[in-house]
Amino acid sequence: LRRDPSILRDAFSAIQEAEERSRTETQRAAIAAHRSALFETPGDPVRGNPRGDVTIVEFFDLRCPYCKRLHAEMAEVLRRDRGLRVIMKDLPILGPQSVVGSRALLAAQRQGKYTELHDALMRLRGEPTEAAIRTEAQRLGLDVSRLFRDMEDAAIQRRLDTNIALARTLQIEGTPALIIGETLIPGAVPAEQIERLLEAERRRAR
């Protein structure tokens with residue numbers, strides 16, 4: 001080791017690579033085992049083409065700065081790929097204000113305005129407070145009184161709890177996280193990388 005300390009470095013690198021392979025295999029197995037919950041849960045919000053030939057599942061938190069960065073990249077992918085369906089899984093893990101924002105989104109879905117409110121809150125410079133939600137909801141033409149009533153519906157909290165439990169099962173440790181096929185991609189990735197993964201999934205599915 002004194003003569004060649006790279007032996008130790010290489011050993012640690014091999015251990016890390018083995019751990020990463022094991023983690024990837026475990027996640028792939030979990031995705032396959034929970035495919036229905038991921039891709040076929042009735043009522044999940046959908047962006048893009050509801051009948052698309054390829055699907056992304058996106059776990060996100062409104063307050064996450066990396067989710068905001070990914071939001072811009074995903075908007076570009078959706079603009080260019082008319083065959084893409086994106087299933088949105090609200091994952092409010094960054095505190096009570098995240099929960100408020102996610103409840104607002106799922107309440108807005110009942111008025112057909114999930115995507116519009118999602119875009120508005122992702123562009124916010126500040127926190128998704130009730131005051132900010134009210135302002136954006138009014139601007140988008142939502143029934144604000146109904147929105148805030150629906151936000152308290154226990155069914156909405158159950159959906160969020162289900163998303164959180166699913167994320168834990170898949171060993172998702174933060175947001176954003178994308179699932180394409182049986183692959184989990186953590187973090188904000190550029191549009192070009194997402195498009196390469198989508199093309200690979202299309203080839204695999206043929």
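In this predicted model, strands β2 and β3 run side by side in the parallel sense, and seven bridges hold the pairing together on paper. Two of the partnerships can be picked out by name: Glu58 has Met88 in β3 as its bridge partner, and Phe59 has Lys89 in β3.

Both strands are well covered. For β2 (54–60), the count of buried residues is seven out of seven. Val54, Ile56, Glu58 and Phe60 point one way from β2, while Thr55, Val57 and Phe59 point the other way, and all of them are buried. That back-and-forth pattern fits a general habit: side chains in a regular strand alternate between the two faces of the sheet. Strand β3 (residues 84–90) tells a similar story. Seven of its seven residues are buried, so β3 is largely enclosed by the rest of the structure. On one side of β3 sit Leu84, Val86, Met88 and Asp90, on the other Arg85, Ile87 and Lys89, and both faces are covered.

Zooming out, these strands belong to an open sheet of five, ordered β1-β3-β2-β4-β5, in which the pairing is mixed. The edges are taken by β1 (46–48) and β5 (183–186); each has a single partner strand, so one side of each has no neighbour in the sheet. On average, neighbouring strands here are turned by 25° against each other, direction ignored. At the β1 edge, the partner is β3: the two run antiparallel and are joined by three bridges. Gly48, for instance, has Arg85 in β3 as its bridge partner.

Next come the helices that pack on this sheet. Helix α5 lies across β1, β2 and β3, and runs at about 80° to β1. Helix α8 (residues 154–169) also packs on the sheet, where it touches β2 and β3, with its direction making about 100° with that of β3.

How enclosed is α5? Seven of its nine residues are buried, so the rest of the structure largely encloses this helix. The buried residues are Tyr114, Leu117, His118, Asp119, Ala120, Leu121 and Met122. They pack against the strands β1, β2 and β3 and also against the helices α3, α4 (96–109) and α6 (130–139).

Two of these helix neighbours can be described further. With α4, helix α5 packs at an angle of about 150°, and the axes are 7 Å apart. Since angles over 145 degrees count as roughly antiparallel, α4 and α5 are therefore roughly antiparallel to each other. On the α4 side, the contact is made by Gly101, Ala104, Leu105, Leu106, Ala108 and Gln109, and on the α5 side by Tyr114, Leu117, His118 and Leu121. Sorted by class, the residues in this contact are seven nonpolar, three polar and no charged ones.

The meeting with α3 has its own geometry. Helix α3 (residues 65–80) and helix α5 (residues 114–122) pack at about 120°, and their axes are 10 Å apart. The two helices are therefore oblique to each other, and α3 passes α5 in a left-handed crossing. Here Cys67, Lys68 and His71 in α3 meet His118, Asp119, Leu121 and Met122 in α5. By class, that contact of α3 with α5 has three nonpolar, two polar and two charged residues.

Methods
Residues are numbered from 1 along each chain as its sequence is written. This is a predicted model: local features need pLDDT of at least 70, side-chain atom pairs count only at pLDDT 80 or more; totals for chains, interfaces and linings use all residues. Side-chain values use heavy atoms; hydrogens and water are left out. Axes are lines fitted to C-alpha atoms, for helices over the stretch in contact, and angles run from 0 to 180 degrees between N-to-C directions. Helices (H or I, at least four residues) and strands (E, at least two) are DSSP runs, numbered from the N terminus. Angles under 35 degrees count as roughly parallel, over 145 as roughly antiparallel, 65 to 115 as roughly perpendicular and the rest as oblique. A crossing is left-handed if the near helix is turned anticlockwise from the far one by less than a right angle, and right-handed if clockwise. Contact means heavy atoms within 4.5 Å. Ala, Val, Leu, Ile, Met, Phe, Trp, Tyr, Cys and Pro count as nonpolar, Asp, Glu, Lys and Arg as charged, and the others, Gly among them, as polar. Two strands pair if DSSP finds at least two bridges between them. Buried means under 20% relative accessible area, exposed over 50%, partly exposed in between (1.4 Å probe, protein chains only).
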